[in-house]
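New to this one? Here is a quick briefing to read alongside the structure.

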Amino acid sequence: MATKPGILTDWPWTPLGSFKYIVIAPWAIHSIYKLVTDDLEKIDLGYSLVLPFLLLRVLHNQVWISLSRYYTVKGERRIVDKGIDFNQVDRETNWDDQILFNGVLFYTGISLLPEAKHLPVWRTDGVLMTALLHAGPVEFLYYWLHKALHHHFLYSRYHSHHHSSIVTEPITSVIHPFAEHIAYFMLFAIPLLTTLLTKTASIASFAGYLIYIDFMNNMGHCNFELVPKRLFHLFPPLKFLCYTPSFHSLHHTQFRTNYSLFMPLYDYIYGTTDETSDTLYEKSLERGEDRVDVVHLTHLTTPESIYHLRIGLASFASYPFSYRWFMRLLWPFTSLSMLFTLFYARLFVAERNSFEKLNLQSWIIPRYNLQYLLKWRKDAINNMIEKAILEADKKGVKVLSLGLMNQGEELNRNGEVYIHKHPELKVRVVDGSRLAAAVVINSLPKATTTVVVTGNLTKVAYTIASALCHRGVQVSTLRLHEYEKLRSCIPRECRDQLVHITTEALSSNKVWLVGEGTSKEEQEKAIKGTLFIPFSQFPLKQLRGDCIYHTTPALVVPKSLVNIHSCENWLPRKAMSATRVAGILHALEGWEMHECGTSLLSDLDQVWEACLSHGFQPLLLPHH
């Protein structure tokens, strides 16, 4: 939002929220009906293609978003290093409004203007006229309009909304108040209306011009340099006819230079070219990948989780993962991605952050939960994890943390397999179990004197049970075999605190520590108001409306942790899993040992104090 929002700031359909698409629904339905029912010679191809063209523009923009986030995450050719935050993602969520606006104008224009009906597919004279009119009046008028928008009166009321994003993403290009979009469309309408009135317009000239605008807008805001230097060597005047991402990036960091739309010509004519434009361009092209200190190695969870990646749907990824209605419509893309992961065995970098002089990255193994459960996939997945660890070691990474099922006891003995196989590793492998146990223990209400432990027991569960018994908290189990397993790892002097109870004795137990495998029947045994705290990597299915469900072990990140703008799986905003935080702490504290394997954990207080000292905070209970 602008600092002093002016009139026509909001889009007319803003009150409709996600139902805004009904604005063009009558025209879209009518165009489909006409396409199906009209005789072939009566079909207006231009009218029928408006809806597919709008969808193509949405897809085009989404491809740019994913490409930009994919390339900037490693650092190679990145222009601006600063991160983005949730505020920017929320501000740029409505990037499709301008496509909707164009759709309304196209449908209205075809309905009202006889010249817009039954356009030919191609006319060379119309295409040339469109290009010339853009290079002349459109670029010239835009330059002066843009300078006017930087005048204090207009800037504070309108254009400051766009400049709220110092670090740009492709869709930043279309994030403007409604009034600005009206002014821009009036400019871009000059070639369109001129070709209509001179009867030289064609479907190609209209579609090509708008695709050109989208392409150049996205390219100019993508925050990585992709225009090769050899183009300017082969054709030197191109410097005045086509801007680069680094050229426009300077406009967002310096504000008073590089005003041109797509052609820097007018900046050179009027002396507003930033003097560092060429230097930044060269420097961005030559920039290599970032140094990485800490890697968090995780994986996909479900086929639909691809949309929740940072390189997926930006707005969707900025909220905790949940199944949405649109996922059913995307099943063709989901199916293609599943096929792709069957043949694509390389991990990829999904996210970058920085904290206290450490560069952090998250690496994704393109495999799903189900594949981790298949015994015949065990060796292949272990090989992928091993390759990731060796690659991290080669790159000089200090710590690699194993997330989700990458640290399974049955899969690799909580990572112990790799350090035994490669004793020369310099990178420290961390499974995060110690911090996860500390987080669960410190998530208990202060007055807790008894807890129930149930579900599949893990190293974390054994450590929690032992620590609680040592602190005088009674640990109760529902299953006899769980009681026997826990008893074997608890010191003799504390075993009196471990009990096996019946359903009737649950009335005094309002805190349950649960793992995977906790059944529906067991949840139903809990009394009203019970607090379920998972010690597992995955959340418990919420079946009780009268109970409280905590998240999986996680922490709230400090404000100084940079570039947090997506949610980690089901965790809330600005929260990070304990396994991921454990790797960061390991590097910050300079601990030299590996922290993985099947042995029980100690020094929970040490890791918890280190966690708090660096600004990580426990998540509040949901009802708080």
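What follows is a short tour of the domains, one helix and one sheet.

Keep in mind that this is a predicted model. The chain splits into three parts: domain 1 (14-286), domain 2 (294-431 + 561-618) and domain 3 (435-552).

**Domains**
- Domain 2 is listed as two stretches, 294-431 and 561-618, and domain 3 takes up 435-552.
- Between the C-alpha centres of domain 1 and domain 3 there are 56 Å.

**Helix H18**
- H18 covers residues 378-394, and its 17 residues should span 24 Å at 1.5 Å a residue; the end C-alpha atoms are indeed 24 Å apart, so the two values agree.
- Its buried residues include Ile 381, Met 384, Ile 385 and Ile 389, and also Asn 382 and Glu 386.
- After H18 comes Gly 396, which has a positive phi, near 85°.

**The five-stranded sheet**
- The sheet is open, its pairing is mixed, and its strands go in the order S2-S3-S1-S4-S5.
- At the edges you'll find S2 (348-355) and S5 (428-430); each has a single partner strand, so one side of each has no neighbour in the sheet.
- From one strand to the next, the twist averages 20°.
- S2 and S3 (residues 358-365) run antiparallel and are joined by seven bridges.
- In that pairing, Phe 348 sits opposite Ile 364 of S3.

**A helix across the sheet**
- Helix H25 (residues 578-589) lies across S1 (294-299), S2, S3, S4 (399-402) and S5.
- Relative to S4, H25 runs at about 160°.

Note on methods
Residues numbered from 1 in each chain as written. Predicted model: local features only at pLDDT ≥ 70, side-chain atom pairs only at ≥ 80, totals over all residues. Heavy atoms only, no water. Domains from an automatic or database assignment. Helix = DSSP H or I, 4+ residues; strand = E, 2+ residues; numbered from the N terminus. Expected span 1.5 Å × (residues − 1). Buried < 20%, exposed > 50% of the residue type's maximum accessible area, 1.4 Å probe, protein only. Pairing = 2+ DSSP bridges. Axes fitted to C-alpha atoms, helices over the stretch in contact; angles between N-to-C directions. Contact = heavy atoms within 4.5 Å.
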